[in-house]
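Please look over the structure shown here, and then follow the paragraphs below it with the model open beside you.

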Amino acid sequence: METQCTLKVRTYECDGYNHVNNANYLNYLEYARYEFLREVGFDYDKATKLGFGTYISRIEIDYKKPAFTDDTLVIKSKPVKKGAVSGTISQQIWRGEDLIIDAKVTWVFVDSRGVPTKIPAEFDLPGFKP
């Protein structure tokens with residue numbers, strides 16, 4: 001399952017070179033991952049109330065082209081790997097036909113102590129599977 005969300009680059013996200021500062025792409029990717037979770041039906045509030053969470057254990061980003069103020073960006077997210085405790089999501093940021101960012105984000109399901117744990121059946125959704 002692939003999800004998409006859109007955002008517009010704001011002036012304060014750009015650096016002295018007048019393009020999006022590399023660190024801001026992490027915020028864009030996080031926003032899109034939350035939207036991905038919502039669209040696959042993951043109840044994040046319920047999971048946290050029960051003492052569970054999802055931690056990011058690794059992010060690989062290939063910066064392809066710069067984005068600039070007022071650019072409209074589309075972020076595409078889809079699962080590419082799924083295990084009993086963790087998974088990997090492919091995320092790409094596009095401006096029209098231009099690929100801006102190509103990223104792989106590995107997440108881990110954790111218990112209330114922050115220890116990796118098997119995903120309970122109620123949270124192990126079909127949308128997490130590639």
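The text below moves from the sheet to the helix, the cores, the aromatic rings and the loops.

This is a predicted model, in which local features need pLDDT of at least 70 and side-chain atom pairs count only at pLDDT 80 or more, while totals for chains, interfaces and linings use all residues. Residues are numbered from 1 along each chain as its sequence is written, and side-chain values use heavy atoms, with hydrogens and water left out.

A good place to begin is the sheet. Helices (H or I, at least four residues) and strands (E, at least two) are DSSP runs, numbered from the N terminus. Five strands make an open sheet in the order β1-β3-β4-β5-β2, with antiparallel pairing, where two strands pair if DSSP finds at least two bridges between them. Because β1 and β2 stand at the edges with a single partner strand each, one side of each is left without a neighbour in the sheet. On average, neighbouring strands of this sheet are turned by 25 degrees against each other, direction ignored. Within the sheet, strand β4 (residues 86-95) pairs with β5 in the antiparallel sense over ten bridges, and Ser90 stands opposite Lys104 in β5.

The helix α1 packs on this sheet and touches β1, β2, β3, β4 and β5, and its direction makes about 140 degrees with that of β1. Here contact means heavy atoms within 4.5 Å, and axes are lines fitted to C-alpha atoms, for helices over the stretch in contact, with angles running from 0 to 180 degrees between N-to-C directions.

What fills the interior can be described through nonpolar cores, each a set of buried Ala, Val, Leu, Ile, Met, Phe, Trp, Tyr and Cys residues joined through side-chain atoms within 4.5 Å; buried means under 20% relative accessible area, exposed over 50%, and partly exposed in between (1.4 Å probe, protein chains only). The largest nonpolar core has 16 residues, and those with the most contacts inside it are Tyr25, Tyr28, Leu73, Ile75 and Ile93. Two or more residues of this core come from each of β1, α1, β3 and β5, and the largest share, four residues, comes from α1. A second, separate core of twelve residues includes Phe36, Val40, Trp107 and Ile119.

Aromatic rings deserve their own look. Rings of Phe, Tyr and Trp (its six-membered ring) pair if their centres lie within 6.5 Å, and planes under 30 degrees apart count as stacked, over 60 as edge-to-face and the rest as tilted. By this rule there are eleven aromatic pairs. In one of them the ring centres of Trp107 and Phe128 are 5.2 Å apart and the planes stand at 45 degrees, so the pair is tilted. Since Trp107 lies in strand β5 (residues 98-110) and Phe128 in the segment after β5, the pair ties together parts that are 21 residues apart in sequence. Both Trp107 and Phe128 are buried, and both belong to one aromatic cluster that also includes Tyr34, Phe36 and Phe42.

Two loop residues complete the tour. Most residues other than glycine have a negative phi. Asn18, in the loop between β1 (3-8) and α1 (24-40), has a positive phi near 70 degrees, and at 48% relative accessibility Asn18 counts as partly exposed. Asp70, in the loop between β2 (53-63) and β3 (72-82), has a positive phi of about 75 degrees, and at 51% relative accessibility Asp70 counts as exposed.
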